[in-house]
Amino acid sequence: MTTKAEAAVSADEMMTVVASRALTDETVCFVGIGLPSTAANLARLTHAPRTVLVYESGTIGSKPRNLPLSIGDGELAETADAVVPVPEIFAYWLQGGRIDVGFLGAAQIDRLGNLNSTVIGDYERPKVRLPGGGGAPEIAAMAKEVIVIMRQSRRSFVDRLDFRSSVGYGDAPGDRKRLGMPGRGPTVVITDLGVLRPDPESRELTLTQIHPGASAEVARERTGWPLRVAEDLEETAEPSDRELRELRELRATLEEPT
Amino acid sequence: MAELLALDEAVAELVHDGDSVALEGFTHLIPFAAGQEIIRQGRRDLTLIRMTPDLIYDQMIGAGCARKLIFSWGGNPGVGSLRRLRDAVEHDWPAPLELEEHSHAGMAARYAAGASNLPFGTLRGYVGTELMERSSETIAEIKCPFTGEALTAVRALRPDVGIVHAQRADREGNVQLWGIIGVQKEIVLASARSLVTVEEIVDELEPRPGAIVLPTWAVGAVAEAPHGAHPSYAHDYYDRDNGFYQRWDEISADRDSFQAWIEEHVLRTAGVT
């Protein structure tokens with residue numbers, strides 16, 4: 001058994017544990033690959049055993065023993081309650097309003113929680129061509145709420161997105177309603193430094209929670225807009241031994257290159 | 001009735017320079033053997049259509065088969081970038097690549113519309129995103145004729161050729177597949193011509209839980225291609241080769257190592273992946 005004394009908690013581990021805590025039991029969760037999938041599986045293995053994991057490959061209720069590398073590893077289908085075609089997962093299940101939580105990452109986020117996963121630089125002549133929207137544009141619109149996980153830096157927390165791939169709160173409060181989006185939008189943004197939540201009035205992302213060892217100062221330095229910090233800034237509880245053990249066991253199941 | 005052909009014959013007969021071609025398979029059952037046969041036969045100026053270009057289109061783009069890409073998510077799942085796709089978009093190597101970019105939900109609706117012989121599919125999607133303007137030739141706002149609410153229309157996809165992989169077919173050319181079934185059925189039915197590669201051809205298709213059958217008269221050609229989905233997988237035949245997906249990051253990192261790999265593993269082999 002690995003204990004905290006044996007290995008310090010990494011920033012990614014902290015972020016994953018906090019993201020897993022954001023999922024309550026019996027939540028139907030649409031999961032992207034990478035940190036979101038790790039966090040959702042950690043929740044399922046710890047405090048939320050009846051959380052339902054839905055993957056965009058069409059697997060509903062997957063309970064993988066090994067962490068999948070892709071969104072459609074065979075184990076996701078083998079351990080699922082149902083496997084449906086891809087047009088159906090997006091039309092009947094996501095657009096149909098059956099998803100409680102969408103878990104998203106991105107390359108850039110702005111102060112109103114809009115996301116870029118398309119390009120860095122100009123679209124026609126990009127500095128970096130990113131993978132693209134994939135499932136995210138409709139997950140961001142349709143899931144009852146969205147949890148965003150990303151590392152915080154001036155490159156990723158930007159004043160202005162290079163491309164708007166998915167909508168958070170648009171350009172102003174009320175935009176989601178105007179655009180006909182049924183979901184509430186991003187209710188929490190989890191980073192390696194802390195947790196941001198939208199201001200109830202302005203929807204501007206505000207630092208409301210800070211992880212052990214991080215500070216509001218560092219969070220401000222790593223944000224490309226003047227970051228608002230809540231007066232009653234909370235401190236994140238350290239990962240428990242159980243959370244860390246389950247997380248490390250889970251991550252060890254990912255195949256290493258041979 | 002589907003013709004039973006050898007893979008090289010099938011590709012020679014069905015895929016021509018300048019065609020729009022969709023090789024589908026959502027993570028599972030990706031038709032790598034067919035894609036590599038297209039590379040071997042030196043096809044050019046293809047419009048490649050696929051939700052997730054994956055390694056197969058990274059290879060085809062790097063090998064110079066493509067003029068245009070229609071897609072929704074172009075990464076190496078769980079690993080990072082598709083480096084040949086990026087080199088084409090960022091540096092026009094080996095040739096400029098035109099992009100038509102959508103979301104997964106939109107691509108799925110476009111395939112379903114194509115299979116249904118409709119000119120467009122409808123969804124609640126894209127609103128507020130820049131994809132809407134960027135792909136305005138294939139995305140448009142429409143009004144519901146019954147309720148008046150604003151919805152999004154996406155142009156149907158009707159590829160010249162649809163290619164998928166499946167677990168097996170019988171000697172009549174009836175095709176059976178199971179596990180993650182993605183958009184396999186939609187592609188075969190939306191395309192003017194179709195090719196299904198299979199792990200094996202059997203005397204009889206025994207029923208399988210969750211399996212779908214594409215009847216022989218709805219399929220253009222069937223070609224046996226054992227291991228033809230590697231490094232993706234064929235449920236109940238072999239697992240996804242995650243190690244290869246991770247190694248591809250290095251193989252594809254520069255033009256020389258990519259070309260050396262294509263030379264050794266595609267151009268100098270015959271239908272073996």
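## Helix 8 of chain A

At 1.5 Å a residue, the 12 residues of helix 8 (residues 241–252) of chain A should span 16 Å, and the C-alpha atoms at its ends are indeed 16 Å apart, so the two values agree. Keep in mind, as you look around, that this is a predicted model.

Which residues of helix 8 of chain A are buried? They are A:Glu243, A:Leu244, A:Glu246, A:Leu247 and A:Leu250. These buried residues cover an arc of only 170° around the axis, which means they sit on the same side of helix 8 of chain A. Their cover includes helix 1 (11–21) and helix 2 (35–45) of chain A. Turn to the other side of helix 8 of chain A and you will find A:Arg242 and A:Ala252 exposed.

## A look at A:Ala252

A:Ala252 belongs to helix 8 of chain A. With 11 other C-beta atoms within 10 Å, A:Ala252 is exposed, because a residue counts as exposed when 12 or fewer such atoms lie within that distance. Along the chain, A:Ala252 and A:Asn66 are 186 residues apart, yet their C-alpha atoms are separated by 8.5 Å.

## Helix 4 of chain A

Now for a helix with another story. Seven of the nine residues of helix 4 of chain A are buried, so the rest of the structure largely encloses this helix. The buried ones are A:Val86, A:Pro87, A:Ile89, A:Phe90, A:Ala91, A:Trp93 and A:Leu94.

Both chains help to cover these buried residues. From chain A, the cover includes strand 1 (28–31), strand 2 (52–55) and helix 5; from chain B, it includes helix 5 (104–115) and helix 7 (184–190).

## Where the two chains meet

How many residues of chain A are in contact with chain B? There are 42, and they touch 49 residues of chain B. On the chain A side, the elements that give two or more residues are helix 3 (74–78), helix 4 (86–94), strand 9 (126–129) and helix 5 (136–142). By class, the residues on this side of chain A divide into 18 nonpolar, 17 polar and seven charged.

## Two helices crossing in chain B

Finally, visit chain B, where helix 2 (residues 32–40) and helix 9 (residues 255–267) pack at an angle of about 110°, with their axes 10 Å apart. Helix 2 and helix 9 of chain B are therefore roughly perpendicular to each other.

At this crossing, B:Gln36, B:Ile39 and B:Arg40 of helix 2 meet B:Ile262, B:Val266 and B:Leu267 of helix 9. The contact between helix 2 and helix 9 of chain B has four nonpolar residues, one polar and one charged.

Conventions
Residues numbered from 1 in each chain as written. Chains lettered and ligands numbered in written order. Predicted model: local features only at pLDDT ≥ 70, side-chain atom pairs only at ≥ 80, totals over all residues. Axes fitted to C-alpha atoms, helices over the stretch in contact; angles between N-to-C directions. Helix = DSSP H or I, 4+ residues; strand = E, 2+ residues; numbered from the N terminus. Parallel < 35°, antiparallel > 145°, perpendicular 65-115°, else oblique. Contact = placed C-beta atoms within 7 Å. Nonpolar A, V, L, I, M, F, W, Y, C, P; charged D, E, K, R; others polar. Expected span 1.5 Å × (residues − 1). Buried ≥ 20, exposed ≤ 12 C-beta atoms within 10 Å, placed from the backbone. Arc of directions from axis to C-beta.
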